Amino acid sequence: MSDAQQIPKACRLTLDTNDLDAMMSFYTERLGFELVEATTPGFMFQKSLVRQAHTGVEVLFRDCLPRPHVGSMIGSLLELELVVGDLDKAIDGLTLDERHPETGEAERVKLRDPSNYTLTLVRTG
């Protein structure tokens, strides 16, 4: 990967979701992110921040209101590409949109997370 393609350290994204627990489980258990902070249960708006240690990428999950609001489009056109250490664990039992075997570069798999955001996962090493 060239320097221009490197993911910047400490890049932070905010993703809206209707199922905070499913998103947290998917990103921590399958993709190797670690919980950084979460709001205390009982707050009106629930949020959780996770970080992928080897890239510094942070994702803030924001539990949406039950009604539509400006700026929120769950599963929108946003597409993320993440480098994962254990691609097989990340995709085990999931339906894949695409799979590109190694062809001199890293293996890439395209799928959707629990809130329908498109992810391309790239195998490291």
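Of the 125 residues in this chain, 34% count as buried. The model you are looking at is predicted, and its accessible surface comes to about 7,600 Å². Carbon and sulfur atoms account for 51% of that surface. Contacts tell you something about how the chain folds back on itself: among those between residues at least 6 apart in sequence, 57% join residues at least 24 apart.

**The overall plan**

Two helices and eight strands make up the secondary structure of the chain. If you walk along the sequence, you meet them in the pattern β-α-β-β-β-β-α-β-β-β. The strands are a good place to begin a tour, and a general point helps here. Strands of a sheet pair through backbone hydrogen bonds, and they do so either parallel or antiparallel.

**The sheet with S1 to S4**

One open sheet has four strands in the order S1-S4-S3-S2, with mixed pairing. Its edges are S1 and strand S2 (34-38), each of which pairs on one side only. On average, neighbouring strands of this sheet are turned by 25° against each other, direction ignored.

Which strand of this sheet is largely enclosed by the rest of the structure? It is strand S4 (residues 57-63), because five of its seven residues are buried. S4 pairs with strand S1 (residues 12-17) in the parallel sense, and it runs antiparallel to strand S3 (residues 47-52). S3 in turn pairs with S2, again in the antiparallel sense.

The table below lists these pairings, each with residues that stand opposite one another.

| Strands | Sense | Bridges | Residues opposite each other |
|---|---|---|---|
| S1 and S4 | parallel | six | Arg12 and Glu58 |
| S3 and S4 | antiparallel | six | Lys47 and Arg62 |
| S2 and S3 | antiparallel | four | Glu34 and Arg51 |

The turn from S3 to S4 deserves a look too. These strands form a hairpin with four residues between them, and in this hairpin Gly56 takes a positive phi near 80°.

**The sheet with S5 to S8**

The other sheet described here is also open: four strands form it in the order S5-S8-S7-S6, and the pairing is mixed. Strand S5 (79-84) and strand S6 (98-100) are the edge strands, each pairing on one side only. Neighbouring strands of this sheet are turned by 20° against each other on average, with direction ignored.

How many bridges join S5 to strand S8 (residues 118-123)? There are six, and the two strands pair in the parallel sense. To find this pairing in the model, you can start from Leu82, whose bridge partner in S8 is Leu121.

When you follow any strand by eye, one more general point is handy. In a regular strand the side chains alternate between the two faces of the sheet.

**A cluster of rings**

Last come the aromatic side chains. The structure holds three aromatic pairs. One of them joins Phe26 and Tyr27 edge-to-face, with 5.5 Å from centre to centre and 70° between the planes. Are these two residues buried or exposed? Phe26 and Tyr27 are both buried. Their rings also belong to a wider group, as ring pairs link Phe26, Tyr27, Phe33 and Phe61 into a cluster.

Terms used. Residues numbered from 1 in each chain as written. Heavy atoms only, no water. Phe/Tyr/Trp six-rings, centres within 6.5 Å; stacked < 30°, edge-to-face > 60°. Buried < 20%, exposed > 50% of the residue type's maximum accessible area, 1.4 Å probe, protein only. Pairing = 2+ DSSP bridges. Axes fitted to C-alpha atoms, helices over the stretch in contact; angles between N-to-C directions. Contact = heavy atoms within 4.5 Å. Areas by Shrake-Rupley, 256 points an atom, 1.4 Å probe, with all protein chains shown as cover.
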